[in-house]
Amino acid sequence: MQATGVAIHRAISKGVITKGEKEMGKVSLILGIVGMLLGGVVFLVSLLLPPLTNGRTSWEEAMLGIIPGALLLSVSFIVAVVGLIFTLKRRNKAQI
């Protein structure tokens, strides 16, 4: 683990990887994963709300949570993929 840290430090000092790029990958990956979890929970709870309440909640009311949950889930997935790409790109540059 320390060898990887040393390689990253050498790559940063050579200018191969910028420090901002290193942090941007981590932050976007973490935010993407947290957003996917939150969006998935909102989507799932809103989707299960009408059947579990025996019709007391209509599907139109449930759509107020289903649509934002699905949007958050999809946008967070894209952010997580971008963060993963930055992280893998950083890892590949550090090995060179």
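Where is the place of Val79? Val79 sits in helix α3, and the views below start from the whole chain and then come back to this residue.

**View 1. The whole chain is an all-helix model, with elements running α-α-α from the N terminus.** This is a predicted model, in which local features need pLDDT of at least 70, side-chain atom pairs count only at pLDDT 80 or more, and totals for chains, interfaces and linings use all residues. Residues are numbered from 1 along each chain as its sequence is written, and side-chain values use heavy atoms, with hydrogens and water left out. The protein chain has 3 helices and 0 strands; helices (H or I, at least four residues) and strands (E, at least two) are DSSP runs, numbered from the N terminus. Of its 96 residues, 25% count as buried, where buried means under 20% relative accessible area, exposed over 50%, and partly exposed in between (1.4 Å probe, protein chains only). Accessible surface for the protein chain comes to about 6800 Å², with 73% of that belonging to carbon and sulfur atoms; the areas come from the Shrake-Rupley method with a 1.4 Å probe, and for residues only the protein chains shown count as cover. Among contacts with a separation of 6 or more, 72% join residues 24 or more positions apart, a contact being heavy atoms within 4.5 Å.

**View 2. Val79 of helix α3 meets Ser28 of helix α2 (residues 19–52).** Setting aside neighbours within four places in sequence, Val79 is in contact with Ser28 and Gly32. Val79 counts as partly exposed because its relative accessible area is 32%. Ser28, at 13%, is buried. On the same terms, the contacts of Ser28 are Val79, Ala80, Val82 and Gly83. The Ser28 side chain also reaches the backbone oxygen of Gly25 at 3.3 Å, which fits a polar contact (N or O atoms within 3.5 Å; within protein, one must be able to donate a hydrogen and the other to accept it, and residues adjacent in sequence count only if both atoms are side-chain atoms). Gly25 and Val79 are 54 residues apart in sequence, yet 9.8 Å apart in space, C-alpha to C-alpha.

**View 3. A nonpolar patch on the surface takes in Phe77, Ile78, Val81, Val82 and Ile85.** Together these residues have about 450 Å² of accessible area. Patch members have over 30% relative accessible area and no salt bridge, with like charges joined within 9 Å and nonpolar side chains (Val, Leu, Ile, Met, Phe, Trp, Tyr) within 5 Å; a salt bridge is a side-chain nitrogen of Lys or Arg within 4 Å of a carboxyl oxygen of Asp or Glu. Ile78 belongs to helix α3 (residues 59–95) and is exposed, at 54%.

**View 4. Asn54 lies in the loop between α2 and α3.** Although Asn54 is not a glycine, its phi is positive, about 55°. Asn54 is exposed, because its relative accessible area is 66%.
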